[in-house]
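Hi everyone, thanks for coming. I'd like to walk you through one model today, so please have a look at it with me.

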Amino acid sequence: MTSISSSIPRPDAAAMSAMHATGSTADLPIAIIGGGPVGLAAAAQCLARGLEPVILEAGDRVGAAVRAWGHVPMFSEWEFNLDRAAVGLLEKAGWDRPDDRVYPTGRELAERYLDPLSATPEISARLRLNSRVIGMARSQLGKLRTEGREVQPFEVRYGDASGREHRLFARAVIDASGTWSNPSPGGANGLPAIGERSAADRVRYGMPDVLGAERDRYVGKRVLVVGSGHSAIGTLIDLAALAELSPGTRILWAIRGTDMVRIYGGGSADQLPRRGALGRRVRALVDQGAIEILTPFALDEITRGAGGTLVVAGISDGGTRSVEVDEMIVATGLRPDLSFLGELRLDLDPALECSRALAPLIDPNVHSCGTVRPHGAAELAQPEPGLYLIGMKSYGRAPTFLLATGYEQARSVVAKLAGDEEGARRIELVLPETGVCSGSGARPGTAPAETEAECCGPKITTEPRATSCCGAVA
């Protein structure tokens, strides 16, 4: 049985007493949900403006999502993966800055940037690890109550590693919890395919490390990859490399649509040469017969075959087609976890599940990352005063997020909370001329792309590898 704890010393305890005496929440901290790149950037921005943040991170160390794709290189160089306010704290602590022109892996991003940042005195004193948020509300008010809502503090409930429940009172909430822990299922209609849940022992989501930590799971197996984004493509390329070392490994690729030109990308005409190389590489593997394509294939049902294999059925050209595989990797995107925001007032786009004002700017049916214009507090504001969703979570189900965009969001939102209206409106985002990320870039009127699980993609060297979600972690 859990209990509410108020005995643990907290930086906001005295401030809460003062709030009751003065009727002002100004001395309460700003709650930041998530200790990934964007959450830590928001904390650094708060400190730069004299605001008090408290960071609630569900993991036992910062950057849990980034570490989950730690084996993956990124499209973007170090220069575009660092927040300026965070760098200020790091340099004060004597940080050894990486070469700006080098492309980090997710693991390097965590170990050379996030870990040192979390260890700075300013951040470490305000970081609560193993603190998973389970609910939020206005203190003493339900969702229906309007009068006086804007002057009541937020009450943030979170559980620790032992299951004990705590609360934090805050003047504002910045939700940078990301989407990594909430992958989209494989079913073509957005629901898990029939039998998908019961097949969980043989289904992986996202970008497993098939050439490293999870190699034994896939070597010599018949593997089905579901999805048409760059995360799926990168995983297919890694599986093909595994198959070269172990010829018994078989690779199948299930795609809902049939427009392979869009899926392969622009090749040599791509404004991002590394992204183009990724498409060219997977196309060559398909042409060589190293990857078997199932298209169109709308995943519908999974049953068990002999020896525990999976019999995967999909709708194909009006009929049904089935394949038997040992393992399945689902890379059909991510979606936000809105469950702990249920007692707060939200205004979200019905399709993307992002801020309604932001939706037309990031819709993957229209935009790639390179065509999303910078935005900030005005587009991210919710009807609940003082609540902001930033980072990958702010994009809902859209895959067009860019880590540098998340840093700009954090800067703008904190400026707004500090009362700097002009600073909140100002655009300070600096990107390379070609952009540093990938997305579907589908034109208006074309079929929507299957949601991709990546945002900034990989560095492509001689042999393109899997892609990263340099913002999905925020």
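I'll start with the whole chain, then turn to a pair of helices and a pair of strands.

First, a reminder that this is a predicted model. The protein chain has 474 residues, and 57% of them count as buried. In secondary structure, we have 14 helices and 17 strands. If you take the contacts in the chain with a separation of 6 or more, 69% of them come from residues 24 or more positions apart. As for the surface, about 18800 Å² is exposed, with carbon and sulfur atoms supplying 49% of that.

Now, the helices. Please find α4, residues 84–92, and α5, residues 106–119. How do their axes cross? They come within 10 Å of each other, at an angle of roughly 70°. That crossing angle is why we can call α4 roughly perpendicular to α5. And which residues meet there? From α4 we have Ala-86, Leu-89 and Leu-90, and across from them in α5 are Tyr-113, Pro-116 and Leu-117. By class, this contact has six nonpolar residues, no polar ones and no charged ones.

Let's move on to the strands, beginning with β5, which covers residues 132–138. Five of its seven residues are buried, so β5 is largely enclosed by the rest of the structure. Its partner here is β6, residues 154–159: the two run antiparallel, and six bridges join them. If you'd like a spot to zoom in on, try Arg-138, which stands opposite Phe-154 in β6.

That's my tour, and I'm happy to go back to any part of it with you.

Conventions: Residues are numbered from 1 along each chain as its sequence is written. This is a predicted model: local features need pLDDT of at least 70, side-chain atom pairs count only at pLDDT 80 or more; totals for chains, interfaces and linings use all residues. Side-chain values use heavy atoms; hydrogens and water are left out. Axes are lines fitted to C-alpha atoms, for helices over the stretch in contact, and angles run from 0 to 180 degrees between N-to-C directions. Helices (H or I, at least four residues) and strands (E, at least two) are DSSP runs, numbered from the N terminus. Angles under 35 degrees count as roughly parallel, over 145 as roughly antiparallel, 65 to 115 as roughly perpendicular and the rest as oblique. Contact means heavy atoms within 4.5 Å. Ala, Val, Leu, Ile, Met, Phe, Trp, Tyr, Cys and Pro count as nonpolar, Asp, Glu, Lys and Arg as charged, and the others, Gly among them, as polar. Buried means under 20% relative accessible area, exposed over 50%, partly exposed in between (1.4 Å probe, protein chains only). Accessible areas come from the Shrake-Rupley method with a 1.4 Å probe; for residues, only the protein chains shown count as cover. Two strands pair if DSSP finds at least two bridges between them.
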